[in-house]
Amino acid sequence: MRTGTARLDNGRISSVQLLFIFLIFEASTAILYTPARVAALAGPDSWLAVSLGDGVYGLVVLLVAVTLGKRFPDQVFTGYLPEILGRIGGKLLAAAYALAFIHMGSVFVGEASVFINTHLLFLTPPTVLDTVLAMMAIYGAYLGIEAIARENEIVLPVWLLLIVFLLLLAAKDVDISHLKPVLENGLLPVLRAALFHSSWRGEVFFLLMLYPYLSQKQEALKAGLFYLGLVIVLAVVVHTVIVGVFGDLVTAHLLFPLETLAQYISLGRFVERLEIVVIVFLTAATIVKLAVIYHSAGIAAASTLGLKNYRSALIPIVLITVALSRVLYGTNLKLLSQLFYVWPIEALIVELAIPALILLIAVIRKKGGGPLADQENS
Amino acid sequence: MAVLHWLLNLFGRNKKNGPLKKTYQVEPEKEDRTLSKRLDDNKQVLAEIFDHCGDLVEREIRIGKQGPRALLVYFDALIHYQELEEGVTKPLQASQLPQSGVTLDWLMQEAIPNTRILIYDRWVDVAGEITKGLTALLIDGQDQALLLFAMENIHRPVMMPQTESVARGSLDAFNENGRINIALLRKRLHTTRLAVEKVDVGEVSKTKISIVYLKGYVYDGLVEEIKTRLQRIRIDGVIDSGQIEELIQDAPYSPVSGIGVSERPDRVVSALLQGKAALLFDGTPFSLIVPTTLATDMQSPEDYYNRYWFASFIRMVRWGSLLISILAPAFYVAITTFHQDLIPTPFLITILASRDGVPFPGMVEALIMVLAFEILQEAGIRLPKPFGQTIGVVGAILIGQIAVTAGLVTPAVVVAIALTAIASYTLSSLNLSTGVRILRLLFIVAAGFLGLFGVMAVFTMATFQLCALRSFGVPYLAPFAPLSLGDLKDTFIRAPIWAMRMRPRLQGYVEPVKQDDNKPRPPRPR
C-alpha cells in the first residue's frame, strides 16, 4: 500500500461510509433552499423534476468519476491532473479546483450561517456563526477522512430519522390537488428545474477526491448507484410533501421550505416548534458536509503545492472561506442569487464538463492504469 | 533576572548552566560483580550494596553439624518467619552432610526440598530478588546464591468492589496483590488458554504488570502492541494503573482514554471472553481493559445477569442519562437565554418570575451550581469516611435551598443540576464520568454564548474527537461509527444471551462464534 504523498491522508473509508457521505451532502444543505426554486420553475411537477432529469445527470457524473478513479486508484483528482495535462496545465487546473472547493465551502458556510441567523440567533453577529461553523468543520478535516466518515455515521441516521419523522407528521396535510395538473406547461419547465437541481445531484463528483481512500474500490459504483436511488426517493418525497402541503405558489416564495414545514407541524399541541430541532441538527449535518469539502480543499491545495501534509493548508483555507462567505454571501439575497443563478452553471462546469474532458484526454493520451488497475491495487 | 533565568530554565535554554536534561537517564545498576567463593568477601559486598538498609537481616548459620558457614540475607518486613524457620533454617541445620560435600544440587533436592528456589551468581540479580522479598542463601565455598521463597504475603482480604457495585452478580473485587488478582481470574477461567505475561515497569519501583488474555481469542498483534507500549515506558516509578493508562493510551490529548478500568474480576473475564486483553497490577485493584469502546464503557456487568428486557431498558436509561448528564445544564442555559419560545408559555412565566431578581445570567448561574456540585462531590470523596455521606447530602440541601431562597439562583437551575448529578451516577465507568464532568462545563459555556447552535457545535466537535479516537486499533465509537449492525445487539439494548452468538466483530474476529444455538426450547407437549 502506498501511503503519504499520493493520498496525503492515510484514512480508509468503506463504501457504506461513502454512501453516507453522499447522502449527507444532499440531506444537509441541498434540501434547504432548493424546493422553493424548483417549485418556482416546475410548479406542481417538482417531484418529476427532481427525479428524472437530475437522476440521469447524477449518473453521468458518477460514471465519469468512477472511470477516472479506476484509472488512478491511488491518487486524488488534483494529484493526477499534472500527469494528464502536463505539469503546468495540470497544476493550474488543480489550483482552480482547490479554489473551487474553497469557494463551495464559503457558499455553504454562508448558507448555514444565514439560515441560523434568520431563525435561531437573530442578534449574534454572522461572523461568529461563520467562524464557529468553519472551525468545527476544520477540526473534522484536520482529524482526517476517517473521522469525518464516522462522525457522519452518527449524524446522518439521526438527521434522516428526523426528516422522515417530519415528513410523516406533515403527510396528513398533503393535498393531492396541489400536485395536479401534471405537466401542464409541457416538459420544458420540468427540464429547466431539473437542470437547476441537478447541480446538487452532481455533488457525487466528490468521489474524485475520495476515491483513493476507499477500502473497497470496486464498490464505488455500487455505492454511487445506491446513493442516486436513495437520494431520488428522498428528494421526491421531500418535494412532494412540501409542494403538497403548501402548494407550488406558496413554496416558491418560501425562504426555507423545509424549515417552514417543520414550523407548520403541530401534533396534539405538544409536539411543536420542531423547526428548532431541525435547525440544530442541520447545523451538525452542515458541519459534516463542510468538513468533507474542507478536507477535499486541503488535499487539493496540498497536492497542488506539493505539501507533505494537507493539514497545514487548512488554516488558510478556513480563513479564506470565512472571509469569502462574509464578503460574497453575507446576506440571503446574495446567497440566493449565487445558489439559483450561478451555482448551477458553475456546477455543470466543475462537476461534469471538466472531469469529462479530463477523462477524454486521459483516454486519448493513454494515461493511468487500465480499468483493471484497481483490482490489482485493492 | 532571576525570573528570566527561571523562564529560560523552563524552556531548557539556559546556556550558562547547560541545557536542561530532558532525556530520562536510567541510573544503571552498576553492579556487575559476581559472587565470590569466600563468604567474607560476599559479606563485604552485601554491606556495600545494602548500605543504609536498616531492615536488612543477615543471619549466619551452619549447614549440618560441621558443614560450611552459610548466610541468610533478607528484609525483615518481607519474610514469613515461621516458613523460613520450618522450611529453611531447621532442615539446613539438621541435615546430614553427604560425602561429596555441600553442592547446590544436594541443597535443592535434599536439604531444603520444599521451596521454590532460584539460583543466581550476579550480585545485581541477587540484590533484586532480595528487594522483592526473597531470602538469599550464601554458602561459603559456593559462588552462587540460592534465592528462597519464604514471603510474608501482605494483602487485604478479597473485598467488595468500591466503585462498581451491582445488585446481582459476584461481589469480589481485585485488590493490591497481583497474585490474588490473577487467582481471581484463574478461579473463573479453568483453561490453559488463559495466558499471563509479566512485564516490569518503572526503573525504581519495578511494578509488576500482568498482561492477561485468552490465547486464540485475542486478535493479532494486540498483545505485542501492549508489550511494546509498556516496554517503551521509561519512568522512575509506577504507583497506580492510572499512570500506565495515561502512558499507553492511543491519543495523548484525548479527555477519554479508550482504556477500560475495572476492579471487578467478572468484568475482566467477560472482556477476555470477547477477545480483549487486560492488565492486572501489583499495588492497585484497578485493572485496565483494552481495547475499550464507548459501548463497553456504558455497560455494567449486571446487564448480563438481569433479564434481558429489563437490562435493555436500563441500558437505554443509562444512555439517556449520559446525554442528560452532559447536556441538561447546557439546555437549561440555552433555553432560558436564547430560546424562550421553546418553553410552553405558562411554564415560561413561572421560570421568568423565579428569575426575577436573580443577578446572574443563566450561564453564570449554571456554572456556579455545577461548580458547587463538583465541590460537594470532591468533598464527599476527600472527607473522612464517617462524614462523607452526611456532609454531601446536607451540603447539597443547604446549597440548593439557601442559594434559592437567598435569590442567588433559580429553582429551575437547581432542578437541572440535581438531575445532572443523579444522571451522572448511572455511568458505571469512572473514566467516562470524569470525561463527562469536564465536557459539561464546555457545553454550558457554549450554550451561554451561542445557544443550542453552540451546544450542537460543541457536540459535533466532541463526537469528531471521539470518532478519531482509537483504542489499540479499535475505533472508540464502534459499533456505531464505523457501523457494524450485528454488534448493535449489545449497545443500546442487550439482546438475549442466546441471541448473542457472535463476538464483537472488531475485536473478536479470531474466533467469531461465541456459542452454539442455545435458545431454550421447551419439550413438546405430550
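Which residues touch the most other members of the largest nonpolar core? Seven of them are worth pointing to: Tyr33(A), Phe77(A), Phe101(A), Trp159(A), Leu207(A), Tyr294(A) and Phe453(B). The core holds 190 residues. Keep in mind that this is a predicted model.

Who supplies that core? Helix H12 of chain A, residues 274–305, gives the largest share, with 20 residues. There is also another core, lying apart from this one. That second core has 24 residues, including Val201(B), Ile211(B), Val218(B) and Val238(B).

Back to one of the hubs, Tyr294(A). Leave out residues up to four places away in sequence, and look at what Tyr294(A) touches. On the list are Gly105(A), Val109(A), Ala134(A), Ala137(A), Ile138(A) and Ala141(A). Leu314(A), Ile317(A) and Thr321(A) are on the list too.

Now chain A as a whole. Its secondary structure is 15 helices and zero strands. How does its radius of gyration sit against a compact globule of 378 residues? Such a globule would have a value near 21 Å, and chain A has 20 Å, which agrees. The C-alpha box, along the principal axes, is roughly 60 × 45 × 30 Å. Buried residues account for 61% of the 378. Take contacts between residues at least 6 apart in sequence: in chain A, 84% of these join residues at least 24 apart. The chain exposes about 14100 Å², and 70% of that comes from carbon and sulfur atoms.

One helix of chain A deserves a stop: H4, residues 77–85. Which of its residues are buried? Phe77(A), Thr78(A), Tyr80(A), Leu81(A), Pro82(A) and Ile84(A) are. Phe77(A) you have met already, in the list from the largest core. What do the buried residues of H4(A) pack against? Five helices of chain A: H3 (53–71), H5 (87–119), H9 (207–210), H12 and H14 (332–365). Right after H4(A) comes Gly86(A), with a positive phi of about 90°.

On to chain B. Here we have 16 helices and 12 strands. The radius of gyration is 30 Å, well over the 24 Å that the globule rule gives for 526 residues, so chain B is more spread out than a compact globule. Its C-alpha atoms fill a box of roughly 105 × 95 × 45 Å along the principal axes. Of the 526 residues, 46% are buried. For contacts between residues at least 6 apart in sequence, 64% join residues at least 24 apart. Chain B exposes about 27100 Å², with carbon and sulfur atoms supplying 60%.

Last item, a sheet in chain B. It is open, with five strands in the order S6-S7-S9-S10-S8, and the pairing is antiparallel. Why is one side of S6 and of S8 left without a neighbour in the sheet? Strand S6 (194–201) and strand S8 (260–262) of chain B stand at the edges, and each has a single partner strand, so one side of each stays free of a neighbour there. On average, neighbouring strands of this sheet are turned by 25° against each other, direction ignored.

Look at the S8 edge. S8(B) pairs with strand S10 of chain B, residues 287–290, in the antiparallel sense, over three bridges. If you want a residue to find on screen, take Gly260(B): its bridge partner in S10(B) is Ile289(B).

Terms used: Residues are numbered from 1 along each chain as its sequence is written. Chains are lettered from A and ligands numbered from 1 in the order in which they are written. This is a predicted model: local features need pLDDT of at least 70, side-chain atom pairs count only at pLDDT 80 or more; totals for chains, interfaces and linings use all residues. Side-chain values use heavy atoms; hydrogens and water are left out. A nonpolar core is a set of buried Ala, Val, Leu, Ile, Met, Phe, Trp, Tyr and Cys residues joined through side-chain atoms within 4.5 Å. Buried means under 20% relative accessible area, exposed over 50%, partly exposed in between (1.4 Å probe, protein chains only). Helices (H or I, at least four residues) and strands (E, at least two) are DSSP runs, numbered from the N terminus. Contact means heavy atoms within 4.5 Å. Two strands pair if DSSP finds at least two bridges between them. Axes are lines fitted to C-alpha atoms, for helices over the stretch in contact, and angles run from 0 to 180 degrees between N-to-C directions. The radius of gyration is taken over C-alpha atoms; the globule rule is 2.2 Å times the number of residues to the power 0.38. Accessible areas come from the Shrake-Rupley method with a 1.4 Å probe; for residues, only the protein chains shown count as cover.
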